[in-house]
Amino acid sequence: MSATDEALRANVQYAKAFTPALAALPMPPGKKLAIVACMDARLHPEKLLGLREGDAHCIRNAGGRFADALRSLVISQTLLGTEEVVFIHHTDCGMLTFTDESIRTKLSQERGLDASHIAFLHFSNVAQSVLNDIRAYKKSDLVRQDIPVRGFIYDVKTGSLQEVKDS
């Protein structure tokens, strides 16, 4: 059975337990929180922050990068009222393992593709990547500048968060 088929089977059980309270959740997140996090399968932002359905928007992409999350953050803030942003990057991230040039070369050699127009947003230092995303956020006119924006590193070995502060 494929992973998708297993997930669909699990959804049948989820739907059986689905309650009227879950069906009645409003579209805007109850805690007015937007989380930008890495897509790494070891990271479960809602669980590690003690959140439930309806509490927050969780925007995920490779590395938890601001540039990829911008469109979603604008919609989250402008149309759905989020008033806080949290960035979560993590230890042992795959974004530490390559450069834009190495992935472009791999795509060219293995698939005959030209990816020279894409920034893959790799990084070599997790704390610095968090700071870079917070700084990029603060430079954007499209997102709210009057709300708290904080960044953290999730440790995949301990499950703990460490805040990264700009000095």
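**A five-stranded sheet and its helices**

Reader: In strand β4, which residue is the bridge partner of I88?

Author: The model discussed here is a predicted one. Strands β3 and β4 (residues 149–154) pair in the parallel sense, over six bridges. Within this pairing, the β4 residue that partners I88 is F152.

Reader: How many helices and strands does the secondary structure of the protein chain come to?

Author: Along the sequence, the elements of the protein chain follow the pattern α-α-β-α-β-α-β-α-α-β-β. The secondary structure of the chain accordingly comes to six helices and five strands.

Reader: What is the order of the strands in the open sheet?

Author: The edge strands are β2 (56–61) and β5 (161–164), each of which pairs on one side only. The sheet is open, has five strands and shows mixed pairing. Its order is β2-β1-β3-β4-β5.

Reader: By what angle are neighbouring strands of this sheet turned against each other on average?

Author: The question concerns an open sheet of five strands. With direction ignored, the average turn between neighbouring strands of the sheet is 25°.

Reader: Which residue in β3 stands opposite I35?

Author: Strand β1 (residues 33–38) pairs with strand β3 (residues 84–90) in the parallel sense, and five bridges connect the two. One bridge partner in β3 is V85, which belongs to A34. Opposite I35, β3 places V86.

Reader: How many of the residues of β3 are buried?

Author: Strand β3 pairs in the parallel sense with β1, and also in the parallel sense with β4. The strand is largely enclosed by the rest of the structure, because the buried residues of β3 number six of the seven.

Reader: Is H89 buried or exposed?

Author: The place of H89 is in strand β3. Residues under 20% relative accessible area count as buried. Since H89 has a relative accessibility of 1%, the residue counts as buried.

Reader: Which residue has its backbone oxygen 3.3 Å from a polar atom of the side chain of H89?

Author: Leaving aside neighbours within four places in sequence, the contacts of H89 include R65, F123, D133 and Y154. G63 and G64 are also among the residues in contact with H89. The backbone oxygen that lies 3.3 Å from a polar atom of the H89 side chain belongs to G63.

Reader: At what angle does helix α4 run to β2?

Author: Helix α4 covers residues 66–80 and lies across β1, β2 and β3. Relative to β2, the helix runs at about 165°.

Reader: Which residues of α5 are buried?

Author: Helix α5 (residues 100–111) has twelve residues, and its span of 16 Å from first to last C-alpha is close to the 16 Å expected. Its buried residues cover an arc of only 60° around the axis, which puts them on the same side of α5. On the other side of α5, E101, Q109 and E110 are exposed. The buried residues of the helix are D100, R104 and L107.

Reader: Which residue follows α5, with a positive phi near 70°?

Author: Helix α5 spans residues 100–111. Immediately after α5, with a phi that is positive and near 70°, comes G112.

Reader: What is the relative accessible area of D92?

Author: D92 lies in the loop between β3 and α5. The residue has a positive phi of about 55° although it is not a glycine. D92 is partly exposed, because its relative accessible area is 47%.

Reader: Where is the place of L121?

Author: L121 is not a glycine, yet its phi is positive, about 60°. L121 counts as partly exposed because its relative accessible area is 22%. The residue has its place in the loop between α5 and α6 (126–139).

Reader: Which residue takes a positive phi near 80° in the hairpin of β4 and β5?

Author: Strands β4 and β5 run antiparallel and are joined by four bridges. In β5, V164 is the bridge partner of G151. The hairpin has six residues between its strands, and the residue with a positive phi near 80° is G159.

Reader: What percentage of the residues of the protein chain count as buried?

Author: Strand β4 is largely enclosed by the rest of the structure, because five of its six residues are buried. Of the 167 residues of the protein chain, the share that count as buried is 33%.

Technical notes. Residues numbered from 1 in each chain as written. Heavy atoms only, no water. Expected span 1.5 Å × (residues − 1). Buried < 20%, exposed > 50% of the residue type's maximum accessible area, 1.4 Å probe, protein only. Arc of directions from axis to C-beta. Pairing = 2+ DSSP bridges. Axes fitted to C-alpha atoms, helices over the stretch in contact; angles between N-to-C directions. Contact = heavy atoms within 4.5 Å. Polar contact = N/O pair within 3.5 Å; in protein donor to acceptor, adjacent residues only side chain to side chain.
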